[in-house]
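Colleague: Got a minute to go through this one with me? I have the structure open and a few questions.
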There are 2 protein chains.
Amino acid sequence: MIETPYLLFLGDAPDMLAAKVAIGIRDWRPDHAVGQLSLPGCGADLGLTEMSLAEAKEAGAKTLVIGVANRGGVISAAWKEVLIKALEMGYDLASGLHNLLRDEGDLVAAAQTHGGTLHDVRVPTVGYPIANGVKRSGKRCLAVGTDCSVGKMYTALAMDAEMQKRGMKSTFRATGQTGILITGHGVPLDAVIADFMAGSIEYLTPDNDDDHWDLIEGQGSLFHVSYSGVTMALVHGGQPDALILCHEPTREHMRGLPGYKLPSLEQLRDTALGLAQVANPDCKVVGISVNTQHLGEEDAVKYLAEVEARMGLPAVDPYRHGAGRLVDALDAV
Amino acid sequence: MIETPYLLFLGDAPDMLAAKVAIGIRDWRPDHAVGQLSLPGCGADLGLTEMSLAEAKEAGAKTLVIGVANRGGVISAAWKEVLIKALEMGYDLASGLHNLLRDEGDLVAAAQTHGGTLHDVRVPTVGYPIANGVKRSGKRCLAVGTDCSVGKMYTALAMDAEMQKRGMKSTFRATGQTGILITGHGVPLDAVIADFMAGSIEYLTPDNDDDHWDLIEGQGSLFHVSYSGVTMALVHGGQPDALILCHEPTREHMRGLPGYKLPSLEQLRDTALGLAQVANPDCKVVGISVNTQHLGEEDAVKYLAEVEARMGLPAVDPYRHGAGRLVDALDAV
């Protein structure tokens, strides 16, 4: 559990693309961010109040979150200066960088001296159990994709936000680095030891109120040969009651796999549902989330209408048109 | 790569069941074992020559393999005495125990002093790549099960032995501790980090001669919610050309999951084949291996005939009747 609120560290991010994590926090958990801290030459601006470490501390910030990817996998001297000063002032640090805070001797020393915590969210810190498959109370929704990076996290976050707005009981359950930094907790599933993957998802989505929904962040794809085992653990460990199919219609091949075509939505539906029903015989496919960012408005609307008619399920782009109809579908389960 | 031949350490094994690893080596790689070493009170006997460390060394043994499960997860003082003496005499040690040799300070010290290697086969020692899904040359066969522990390793080892006898090109590819100790190398898949599972299997089964078969040891089951992600990585990372379905007909529920029924062989066939064809569109299901140990000979023969007629595929128990017909089926692919 990462302590909130955060000060978002943008460092010397060359552009907004590099600040994906910070943008996610600003968009989905605005209450978690008291401000932003940039270094000279920073090309990203979240539109939050620019604050020094001292000003943010005054405003209540508990954790300095590295909201930006670093260049060349090295934590630079300029970054180090800020990070060490933050620890000296009583901040915790949180990072999803590949190179870990805990591998930097000076950060470890400063954290020890000043009683701060270094959160490397890429690395599991919990000894997860082996999955036991026992039916849990409460309800769970999992987004599954025809491919990686088609909008599964966005879909789950948008549905969670809509449900909160409606006063429904819901929790977004993060399974990747960005999601964990946004919400402050979760399971970095891609870094979990094989035998404990499904168990980590059972741990993440425990018994809950009968009318509570966990919106589980999907990972990979059952059709992506590099990561399908990770997806499978979500399908079986998550015990979903509802599946949302996610798709990006302009992609010509599976991400990173030039020889592999994307499956159809029908193939995804049949494969994912059959496997999900092993863990939960009542599981249903309730809706389709399409990432239409590479289509114009007219083409997007036309494509969604075509998919909706063909599949007999609500098909929406939650970014363009909101997640309302997906939540309606979930509410009807 | 563990250096062969071995001296098999039986310790104070209470019975033969505890000596599963040593039995596997004796049965499948008899040339790897120069003899056995028991402690007082040992209730297991492999029928190999009982040898002291010195006698086995004289006979050429390079590695002392712990062929027995220990009690209570502790390496006892009596074991330690033998293990340290072995290191002093120039042996390497190999173990599949949960508690690692490398975590025992005195073993580490002795290994360093005498230049020996401690092989803990539960722990990956290779930095595996992310799977790239590129089609590899040579052929691969994967055993998939309706459940865990239904005879997948036995089936692959029996097919490999039969192929060797026929002069066919084949390699058994170990993916679990016992298999790794039997053959001296492999991937401890259940201990691999999620993101690298499929890549570890690509690494294990590289390009090969067009008429060479890898017999890949299966793990878990696509229908076992605790481990299905591991199985999925084998199906996609292994790129199998041929699948063998494995089944144990008397089991009343999935191993360790009282609420879960086993799938039918038809369900296994359809699910495994559909997923395998994502990575290799030419994949076929070629045969069925049934573990009939809990059936009498007559019931076993009757059951196999019934399955064979129903599924239209050769159905055999390789333990009772040999793996010949499964190899015939593979040879016809």
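Colleague: Let's start with Asp214(B). Is Asp214(B) buried or exposed?

Modeller: One caveat up front: this is a predicted model. Asp214(B) is buried, with a relative accessible area of 0%.

Colleague: What does the Asp214(B) side chain meet in a salt bridge?

Modeller: Arg173(B). The N to O distance between the side chains of Asp214(B) and Arg173(B) is 2.7 Å. Asp214(B) lies in strand β8 and Arg173(B) in strand β7 of chain B, so the salt bridge ties together parts 41 residues apart in sequence.

Colleague: And Arg173(B), buried or exposed?

Modeller: Buried. Arg173(B) has 12% relative accessibility, and the cut-off for buried is under 20%.

Colleague: How many salt bridges in the whole structure?

Modeller: The search finds 40 over all chains. Asp241(A) and Lys135(A) form one of them, at 3.8 Å, N to O. Asp241(A) is in the loop between α8 and β9 of chain A, and Lys135(A) is in the loop between β5 and β6 of chain A, so the pair joins parts 106 residues apart in sequence. Asp241(A) counts as buried at 10% relative accessibility.

Colleague: Where do the partners of the Glu266(A) and Arg310(A) pair sit?

Modeller: In two helices of chain A. Glu266(A) is in α9 and Arg310(A) is in α10, 44 residues apart. Their side chains meet in a salt bridge at 2.8 Å, N to O. Glu266(A) is partly exposed at 23% relative accessibility. Arg310(A) is partly exposed too, at 39%.

Colleague: Which residues make up the salt-bridge network in chain A?

Modeller: Glu162(A), Lys165(A), Arg166(A) and Asp328(A) are linked that way.

Colleague: Now Glu217(A). How far is the nearest side chain of opposite charge?

Modeller: That is Lys152(A), 7.9 Å away. Glu217(A) is buried yet has no salt bridge. Its place is the loop between β8 and α8 of chain A.

Colleague: What does Glu217(A) touch?

Modeller: Leaving out residues up to four places away in sequence, the contacts of Glu217(A) include Leu142(A), Met153(A), Phe172(A), Arg173(A) and Leu234(A). Gly176(A) and Gly179(A) are among them too.

Colleague: Leu234(A) is in α8(A), right? How many residues of α8(A) are buried?

Modeller: 10 of its 10 residues. Leu234(A) is among them, as are Ser228(A), Met232(A) and His236(A).

Colleague: What do the buried residues of α8(A) pack against?

Modeller: Elements of both chains. In chain A they pack against β6, α7, β8 and α9, and in chain B against α7 and α8. After α8(A) comes Gln239(A), with a positive phi near 50°.

Colleague: On to the interface. How much area do chain B and chain A bury between them?

Modeller: About 2,500 Å², with 62% of it on carbon and sulfur atoms. Asp195(B), Val225(B) and Tyr260(B) supply 20% of the area that chain B buries against chain A, more than any other three residues. The contact takes 32 residues from chain B and 32 residues from chain A.

Colleague: How many salt bridges across the interface? And how many residue pairs in polar contact?

Modeller: Zero salt bridges between chain B and chain A. Polar contact is found for 10 residue pairs, both residues at pLDDT 80 or more. On the chain B side, α7, α8 and α9 are the elements that give two or more residues. The largest share, six residues, comes from α8(B).

Colleague: Which side chain does Ser228(B) contact across there?

Modeller: His236(A). The polar contact between the side chains of Ser228(B) and His236(A) is 2.6 Å. Ser228(B) is found in helix α8 of chain B and counts as buried at 0% relative accessibility. Ser228(B) also touches Met232(A), along with Ser221(B) and Leu222(B) in chain B.

Colleague: Last one: a geometry check on α5(B). What span should its 14 residues give?

Modeller: At 1.5 Å a residue, α5(B) should span 20 Å, and its end C-alpha atoms are 20 Å apart, which agrees. The buried residues of α5(B) include Lys152(B), Asp160(B) and Glu162(B). Just after α5(B), Gly167(B) takes a positive phi of about 80°.

Notes:
Residues numbered from 1 in each chain as written. Chains lettered and ligands numbered in written order. Predicted model: local features only at pLDDT ≥ 70, side-chain atom pairs only at ≥ 80, totals over all residues. Heavy atoms only, no water. Helix = DSSP H or I, 4+ residues; strand = E, 2+ residues; numbered from the N terminus. Buried < 20%, exposed > 50% of the residue type's maximum accessible area, 1.4 Å probe, protein only. Lys, Arg positive; Asp, Glu negative; His and termini not counted. Salt bridge = Lys/Arg side-chain N within 4 Å of Asp/Glu carboxyl O. Contact = heavy atoms within 4.5 Å. Expected span 1.5 Å × (residues − 1). Buried area = accessible area lost by both parts, 1.4 Å probe. Polar contact = N/O pair within 3.5 Å; in protein donor to acceptor, adjacent residues only side chain to side chain.
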